[in-house]
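The following paragraphs guide a reader who is new to this structure. Please keep the sequence and the model in view while reading.

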Amino acid sequence: MQISVRRQDRVTIFDLSGDIDFAHSREVRQSLLREIQESRTPRVVINLSKVHYIDSSGVASLVEGLKASRDLGSRFILFGLSTSAREVLQLSRLIKIFEVYENEEQALAV
Amino acid sequence: MMALYSNPKWLTIVRAAVERLTGTLGFPAEHCRSITRAVDEALTNIVRHSYSNRPDQPITMYFRTAQRQREGEVQNGLEIILCDRGSGADATKWRERPLGEIRPGGLGLHLIHDAMDVVEFSRKDHTNRLRLVKYLGQASLAL
């Protein structure tokens, strides 16, 4: 699992790579919460284009990132969902609570 | 049969194996993903709840073909049995969380039930046994 963070203008962008499963979801959650607290940018964008698989613990990590962002008045945006990642969010009926876009250009444009 | 330890680092290996197996057996891609997801979530539950995150405990998985009669047709399928020797899970306390509820946790069980036609838990001789079955339609299994 690789996690890197970019900041541009007033946006924090997380580039995630690998599977967000039980082996890695804790690391993702900690990174998200720490950076969201520190950066306090109005927009947090999660690049999932190099994430093939997300399990229920990974979904939980994203939900915690969303909640932390909302608490600070920030938007929490996902883009680049794989078929599998989109399915798990749809099955959980949580996809509607996230802002989801196809690519980074769209995610930054809105 | 597949034997592994309860270290989460093996999950990715199991997912790759199950996705390849289900594809080889002729399941459509959507079912390959959902069965793989169910097995992954079941293993995660064993690691978390049965073994309390201890990474060196034994898990054994059995894979075999299954059949059932449905409306005069024989349906072939895949049976997966996961065995562990951890603490006895109280299946009566398993709860799926309400879908769409904005909070972490409780989703894994829903994903297992959503994916599989049969989900049965039992415990005998200090061994927990989770039986998962997914049937194909009338299409025959490739094996």
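**From one arginine to the whole of chain B**

Arg37(B) lies in helix α2 of chain B. The model in which this residue appears is a predicted one. Is Arg37(B) buried or exposed? Arg37(B) counts as buried because its relative accessibility is 3%, and the cut-off for a buried residue is under 20%.

Which residues surround this arginine, once its neighbours within four places in sequence are left aside? Arg37(B) is in contact with Tyr53(A), Ser84(A), Glu87(A), Val88(A) and Leu91(A) of chain A, and with Leu111(B) of its own chain. For Ser84(A) a distance can be added: a polar atom of the Arg37(B) side chain lies 3.5 Å from the backbone oxygen of Ser84(A).

Arg37(B) also leads to a feature of the interior. A search of the whole structure yields 3 cavities of 30 Å³ or more, and the largest cavity holds about 50 Å³ of space. Its lining is made up of His52(A), Tyr53(A) and Ser84(A) from chain A, together with Glu19(B), Arg33(B), Thr36(B) and Arg37(B) from chain B. Helix α2 of chain B, which spans residues 29–50, contributes the largest share of this lining, with 3 residues. By character, the lining residues of the largest cavity divide into 3 charged, 3 polar and 1 nonpolar.

A second residue of chain B may now be considered. Leu11(B) is found in helix α1 of chain B, which covers residues 11–24. With a relative accessible area of 4%, Leu11(B) falls under the 20% cut-off and is therefore buried. Apart from neighbours within four places in sequence, the contacts of Leu11(B) in chain A are Asp21(A), Phe22(A) and Ala23(A), while those in chain B are Asp40(B), Leu43(B) and Thr44(B). Glu41(B) stands 30 residues from Leu11(B) along the chain, and the C-alpha atoms of these two residues are separated by 9.4 Å.

The view can then be widened to chain B as a whole. Its secondary structure consists of 3 helices and 5 strands, which follow one another along the sequence in the pattern β-α-α-β-β-α-β-β. Chain B has 143 residues, and 45% of them count as buried. Among the contacts in chain B with a separation of 6 or more, 61% join residues 24 or more positions apart. The accessible surface of chain B comes to about 7,500 Å², and carbon and sulfur atoms account for 48% of that area.

How values were computed:
Residues numbered from 1 in each chain as written. Chains lettered and ligands numbered in written order. Predicted model: local features only at pLDDT ≥ 70, side-chain atom pairs only at ≥ 80, totals over all residues. Heavy atoms only, no water. Helix = DSSP H or I, 4+ residues; strand = E, 2+ residues; numbered from the N terminus. Buried < 20%, exposed > 50% of the residue type's maximum accessible area, 1.4 Å probe, protein only. Contact = heavy atoms within 4.5 Å. Areas by Shrake-Rupley, 256 points an atom, 1.4 Å probe, with all protein chains shown as cover. 1 Å grid on protein atoms, 1.4 Å probe; cavity = no way out; pocket = protein on both sides within 12 Å on 5 of 7 lines; lining within 4 Å. Points joined across faces, edges and corners; volume = space filled by probe spheres on them. Nonpolar A, V, L, I, M, F, W, Y, C, P; charged D, E, K, R; others polar. Polar contact = N/O pair within 3.5 Å; in protein donor to acceptor, adjacent residues only side chain to side chain.
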